[in-house]
Amino acid sequence: MSKMNEMAQTIEELRTAAAAISDIADWLTAQFGGADDKQQSNNTAAETPTPPKPTLTLEQVRATLAEKSRAGHAAEIRALLQKYGAAKLSQIDPANYEALLRDAEVLDNAT
């Protein structure tokens, strides 16, 4: 038998063995892993974290408040800044930016 024939026969035997191993793995999964796979996929879905909200920057808040101020709400904007304990926007804690913007959005609806 030539070297090429031997190589072809070895490759075919490897493919047959791989197919047999795959069939056995499928059978074992069906016998023992069916319920665990469902539970594991449920656990994975439950553990998937929600993407964090994008944090607001000082520039974004400043732009929104400037727009409200130009729309005639300058006094209300000053009152909101004081509500959050600051005389100017740069003194406000960034953790309060979202709440400040929610309060400022109400200004258009109040008129």
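This is a short conversation about how to read a predicted model of a helical protein.

Biologist: What should I know about the model before I start?

Modeller: It is a predicted model, where local features need pLDDT of at least 70, side-chain atom pairs count only at pLDDT 80 or more, and totals for chains, interfaces and linings use all residues. Residues are numbered from 1 along each chain as its sequence is written, and side-chain values use heavy atoms, with hydrogens and water left out.

Biologist: How many helices and strands are there?

Modeller: Helices (H or I, at least four residues) and strands (E, at least two) are DSSP runs, numbered from the N terminus. Here the protein has 3 helices and 0 strands, giving the pattern α-α-α along the sequence.

Biologist: What does helix 2 span between its end C-alpha atoms?

Modeller: The expected span of a helix is 1.5 Å times one less than its number of residues. A straight helix of 26 residues would span 38 Å, but helix 2 (residues 58-83) spans only 17 Å between its end C-alpha atoms.

Biologist: Where does helix 2 bend?

Modeller: A bend at a residue is the angle between axes fitted to the seven residues ending there and the seven starting there. In helix 2 the bend is about 130 degrees, at His 73. After the helix comes Gly 85, with a positive phi near 75 degrees.

Biologist: Which residues of helix 2 are buried?

Modeller: Buried means under 20% relative accessible area, exposed means over 50%, and partly exposed is in between (1.4 Å probe, protein chains only). In helix 2 the buried residues are Val 61, Leu 65, Lys 68, His 73, Ile 77, Leu 80 and Leu 81. Across the protein's 111 residues, 16% are buried.

Biologist: Which residues touch the most other members of the largest nonpolar core?

Modeller: In soluble globular proteins, nonpolar side chains tend to be buried together. A nonpolar core is a set of buried Ala, Val, Leu, Ile, Met, Phe, Trp, Tyr and Cys residues joined through side-chain atoms within 4.5 Å. The largest one here has 15 residues, of which Val 61, Leu 65, Leu 81, Leu 89, Ile 92 and Leu 100 touch the most other members. Helix 2 and helix 3 (97-110) are the elements that give two or more residues to this core, and helix 3 supplies the largest share, 6 residues.

Biologist: Which residues does Val 61 touch?

Modeller: Contact means heavy atoms within 4.5 Å. Leaving out residues up to four places away in sequence, Val 61 touches Leu 56, Leu 89, Tyr 97, Leu 100 and Leu 101.

Biologist: Is Leu 107 in helix 3 buried or exposed?

Modeller: Leu 107 counts as buried because its relative accessibility is 12%. With the same sequence neighbours set aside (up to four places away), Leu 107 touches His 73, Glu 76, Ile 77 and Leu 80. Leu 107 and His 73 are 34 residues apart in sequence, yet 7.2 Å apart in space, C-alpha to C-alpha.

Biologist: How many salt bridges are there?

Modeller: A salt bridge is a side-chain nitrogen of Lys or Arg within 4 Å of a carboxyl oxygen of Asp or Glu. By this rule there are 2 salt bridges. One joins Asp 103 and Lys 83 (2.8 Å, N to O), linking helix 3 to helix 2 across 20 residues. Asp 103 is partly exposed at 21%, whereas Lys 83 is exposed at 54%. Another pairs Arg 102 with Glu 98 (3.4 Å, N to O); both lie in helix 3, 4 residues apart, about one turn of the helix.
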